[in-house]
Structures are given as structure tokens and as C-alpha cells.
Amino acid sequence: DFKAPGFVTRASKNQDLPSCFSSTIAHSRHSLSVKFTMFKSVVVAALIASASAFAPARPAFSASTALKAEWSPPEGSKWVEKDFEADIKKLEAEAEERMDAKIEELTANISNVGSK
């Protein structure tokens, strides 16, 4: 059986090594175990962080949009409610008259525009 220097077979494990080497091997196995545990912890932390990226965020603060002020007229003046319905009806009637006049103008010019 050929054995390369420093090569340990599974059968001989730590039997042929001096005690300082066997403790080094045990230490390296423990170190690998610790590193693997740390790796698992990092993977779990990364999974939690990536999942929290898709979770709905809680608002940092909430603002109220309710108006909490009352308006009052300046000192010495009196506020009078005005009914704007009459003004609106007058404006609507004027707009309809202008639109009717424009429609008559356009329909009169249809035959002239089409012949060019």
C-alpha cells in the first residue's frame, strides 16, 4: 500500500498522526461546522430580507386631511349669500345663442367651402 506523505486514508483517520495533527484536524472540522452554521444563518437572513421587500410597508406617519379652520368675514363687513343660479342661466343662454349663430354661419358656408 502506497501512502503519500501527509495523506490520510479513511481507514487510518487520525490513528497514524501525532496528537498535534489530530487536534488540528478536529479544530478544522469544528471550524467548518461553525462556518456552515454561519452560512445557513446568512442564507436565512437573506431570505427574510428578500421576502420583506415584497411585504406592504407600514406608513411612517399618517396625515389628516380634515380642515379644522372656520372662515369668517373681516371685521366690520357682513357676509351675504348670493344666489348665482340666475347668473349661470344667463350665461348658458348667451352661450347657446352664440353657438346657434355659429351653426347657421357654418351651414350657410358649406356649399361655398365644398366647391373650392
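Select Lys82 and Asp87 to begin: in this predicted model, the two side chains form a salt bridge, with their closest N and O atoms 3.8 Å apart. Colouring by accessibility shows that Lys82 is exposed, at a relative accessible area of 54%, while Asp87 is partly exposed, at 35%. The separation of 3.8 Å qualifies because the cut-off for such a pair is 4 Å between a side-chain nitrogen of Lys or Arg and a carboxyl oxygen of Asp or Glu.

How many salt bridges does a search of the whole structure find? The search returns two, and the one still to be visited joins Glu105 to Lys102, where the closest N and O atoms are 3.8 Å apart. Select these two residues and look along helix α2, in which Glu105 and Lys102 stand three residues apart and are therefore separated by about one helical turn. Glu105 is partly exposed, with a relative accessible area of 41%, and Lys102 also counts as partly exposed, at 44%.

Next, select Asp83, which is placed in the loop between α1 and α2. Asp83 is exposed, with a relative accessible area of 56%, and its side chain reaches the backbone nitrogen of Glu85 at a distance of 3.3 Å. To see this contact, display the backbone of Glu85 together with the side chain of Asp83.

From there, extend the selection to Asp83, Glu85, Glu92, Glu94, Glu96, Glu97, Asp100 and Glu104, which gather on the surface in a patch of negative charge. One of these residues, Glu94, can serve as a point of orientation, since Glu94 lies in helix α2, a segment that covers residues 85-115. Is Glu94 exposed, partly exposed or buried? With a relative accessible area of 31%, Glu94 is partly exposed, and this value allows Glu94 into the patch because membership requires over 30% relative accessible area and no salt bridge.

Now move to the other helix and select Phe36, Phe39, Val43 and Leu47, which together make a nonpolar surface patch of about 410 Å². Phe39 is found in helix α1, which comprises residues 19-52. At 52% relative accessibility, Phe39 counts as exposed, because the term is applied to residues with over 50% relative accessible area.

Finally, clear the selection and display the whole protein, which contains two helices and zero strands. Of its 116 residues, buried ones make up 1%. If a surface is drawn over the model, the accessible area to keep in mind is about 11500 Å², of which 62% belongs to carbon and sulfur atoms.

Conventions:
Residues numbered from 1 in each chain as written. Predicted model: local features only at pLDDT ≥ 70, side-chain atom pairs only at ≥ 80, totals over all residues. Heavy atoms only, no water. Patch = residues over 30% accessible without salt bridge, like charges linked within 9 Å, V, L, I, M, F, W, Y side chains within 5 Å. Areas by Shrake-Rupley, 256 points an atom, 1.4 Å probe, with all protein chains shown as cover. Lys, Arg positive; Asp, Glu negative; His and termini not counted. Charge placed at Lys NZ, Arg CZ, Asp CG, Glu CD. Helix = DSSP H or I, 4+ residues; strand = E, 2+ residues; numbered from the N terminus. Buried < 20%, exposed > 50% of the residue type's maximum accessible area, 1.4 Å probe, protein only. Polar contact = N/O pair within 3.5 Å; in protein donor to acceptor, adjacent residues only side chain to side chain.
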